[in-house]
Structure formats: structure tokens, C-alpha cells
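Reader: Could you walk me through this one while I have it open? I'd like to begin with how exposure is classed, and then go residue by residue.

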Amino acid sequence: AETLEELRLAHARLDTIAQNVPGALFEMQRLGDRVTFPYFTNKFAELLGVSTEEMQAGGPAVFRNIPPAEIDAVFDAFRRARETLAQVEARHRVLLPDGSTRWINLWASPSVQADGRVRWFGKALDITERLPMEARASADAEEIRQAHARIASILDIVPVGLFEYRRHPDGRADFPYTSGRFSELVGLGRAAIDRLRGGLLARIMPEDRVAMEEMTRRSAEYL
């Protein structure tokens with residue numbers, strides 16, 4: 001009896017910890033066409049907009065607030081991961097009865113049981129507030145990419161060769177940027193320039209290379 005009580009207390013202690021972690025935790029299994037959740041924290045039911053009783057019963061009611069196409073995509077991801085026992089990551093909406101939309105990101109890892117069935121142990125996070133920041137970051141990155149492409153296009157029609165030369169503290173050197181005209185002048189494509197790195201300078205005539213290295217050294221001193 002004492003051992004059973006100790007086990008009960010240990011379970012209660014772990015459950016209390018789980019109920020208070022950020023996001024939600026769950027255990028999921030599929031029995032035929034029915035999905036059940038042997039364990040879940042209360043937050044998981046809240047995230048899905050369903051009752052604890054519905055979660056305990058399992059079945060389609062658990063997913064009633066998720067758009068059909070999106071829950072199909074989530075289960076497709078689980079089916080693919082089942083073949084390789086890989087971790088699943090999925091993102092979907094929850095359309096709540098009050099008309100609001102919640103975005104959920106979930107991760108789950110498979111565990112093969114002795115009878116061959118697979119149980120999934122996972123976590124879910126509400127990322128609704130984070131999505132606008134992700135969208136802005138993505139838009140900013142795309143704007144920078146387009147600006148870079150425009151500048152590169154302009155620089156490539158300049159009649160002189162342009163380059164960025166970088167010398168590292170350990171003596172290594174490379175060319176992070178070279179224009180198309182620079183490649184024409186040295187007779188090397190971008191991939192070859194990357195392979196040569198600072199060795200590109202060895203292609204300069206010895207008498208000119210000494211003067212160039214001295215000019216570079218002085219320039220670095222007076223930055």
C-alpha cells in the first residue's frame with residue numbers, strides 16, 4: 001500500500017509539473033480509424049478549443065475546430081513520419097467558436113510499443129502572436145534579397161571590375177564579393193574565385209603583387 005501511495009504521489013507530482021510547462025503536452029495513439037489521447041495537459045484541450053471530456057473520449061470531436069484540409073495535412077505528416085519513426089512538426093489553425101483564429105505549432109516523437117503500435121509523445125504551442133513577427137522578418141529578408149539583386153545587377157554593368165577583399169587576423173584572405181566584370185578581367189568564375197580565396201593574388205605579376213600588398217597593408221593601418 002505504501003508503494004502504491006508513493007507511486008500515486010510521484011505521478012501527481014509529475015503531472016503538476018507537466019501542467020505548468022509552457023505550451024501543452026500530449027500522448028497520442030491511433031486505434032484503427034480513431035485517434036485517442038491517453039494523456040494530455042489541460043492546456044492542450046484549451047488550445048484546440050474543446051472540453052476535457054471530449055479530449056478524453058477522443059475521436060473526430062477533438063479536431064472539429066481545425067479546418068479539414070489542415071488536419072488532413074497534419075495526419076499525412078504523421079503517416080509519413082511513422083514509416084521512418086521521425087519526429088513530426090506541423091502547424092495548423094484552430095477556428096474558435098467566437099470567430100477568432102489561433103495558430104498552433106506542434107512537435108511529436110514516435111515510440112514503438114511491444115505490440116507494434118506507435119504512440120506519439122508531443123508538445124504544442126500557441127504561436128498566434130509570433131506569426132506577425134515571422135511574417136515581418138520574412139518580408140524584410142525578401143526586401144533585402146531584392147535590393148541586393150538590384151544592386152548586383154547595376155554593379156555588373158559598371159565597366160570596371162569591383163570586388164571586396166577581406167584579410168583575416170590569421171593571415172587568410174578571400175573575396176566575399178566580386179562583380180561580373182571582375183570575373184571577366186581575371187578570367188575566373190565565382191566558384192573558382194571562392195576556391196582560390198586569397199590565392200587569387202598569386203595570379204598577379206610578382207612585381208605588381210608586392211606593390212598591391214603594400215598598398216593593402218597601409219590602407220588597413222589607416223582605417
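Author: Buried means a relative accessible area under 20%, exposed means over 50%, and partly exposed covers what lies in between. Please keep in mind throughout that this is a predicted model.

Reader: Then how does Ala-86 count on that scale?

Author: Ala-86 has a relative accessibility of 29%, and because partly exposed covers the range between under 20% and over 50%, that is how Ala-86 counts.

Reader: And where does Ala-86 sit in the chain?

Author: Ala-86 is placed in the loop that runs between H4 and strand E3, the latter spanning 88-95.

Reader: What is Ala-86 in contact with, if its neighbours within four places in sequence are left aside?

Author: With those neighbours left aside, Ala-86 is in contact with Ala-81, Ala-108, Pro-110 and Trp-120. As for Pro-110, its C-alpha is 7.0 Å from that of Ala-86, although the two residues are 24 apart in sequence.

Reader: Trp-120 catches my eye; which residue does it form an aromatic pair with?

Author: The structure holds 10 aromatic pairs. In one of them, Trp-120 is paired edge-to-face with Phe-78, with 4.8 Å from centre to centre and 85 degrees between the planes. That pair links distant parts of the chain, since Phe-78 belongs to helix H4 (residues 68-84) and Trp-120 to strand E5 (residues 118-126), 42 residues apart.

Reader: Is Phe-78 buried or exposed? And what about Trp-120?

Author: Phe-78 is buried, at a relative accessible area of 6%, and Trp-120 is likewise buried, at 6%.

Reader: Which residues form an aromatic cluster?

Author: One aromatic cluster is made up of Phe-26, Phe-37, Phe-44, Phe-63 and Phe-75. Over the face of Phe-75 lies Arg-30, at 5.1 Å from the ring centre, and elsewhere Lys-123 lies over the face of Trp-107, at 5.2 Å from the ring centre.

Reader: Changing topic, how many bridges join E6 to E7?

Author: E6 and E7 run antiparallel and are joined by 4 bridges, with Arg-167 standing opposite Ala-173 in E7. The hairpin they form has 5 residues between the strands, and in it Gly-171 takes a positive phi near 100 degrees.

Reader: What does His-168 do in that loop?

Author: His-168 lies in the loop between strand E6 (163-167) and strand E7 (173-178), and its side chain is joined to that of Asp-174 by a polar contact of 3.4 Å. Not counting residues up to four places away in sequence, His-168 touches Ala-173 and Asp-174.

Conventions: Residues numbered from 1 in each chain as written. Predicted model: local features only at pLDDT ≥ 70, side-chain atom pairs only at ≥ 80, totals over all residues. Heavy atoms only, no water. Phe/Tyr/Trp six-rings, centres within 6.5 Å; stacked < 30°, edge-to-face > 60°. Helix = DSSP H or I, 4+ residues; strand = E, 2+ residues; numbered from the N terminus. Buried < 20%, exposed > 50% of the residue type's maximum accessible area, 1.4 Å probe, protein only. Lys NZ or Arg CZ within 6 Å of the ring centre and 35° of its normal. Contact = heavy atoms within 4.5 Å. Polar contact = N/O pair within 3.5 Å; in protein donor to acceptor, adjacent residues only side chain to side chain. Pairing = 2+ DSSP bridges.
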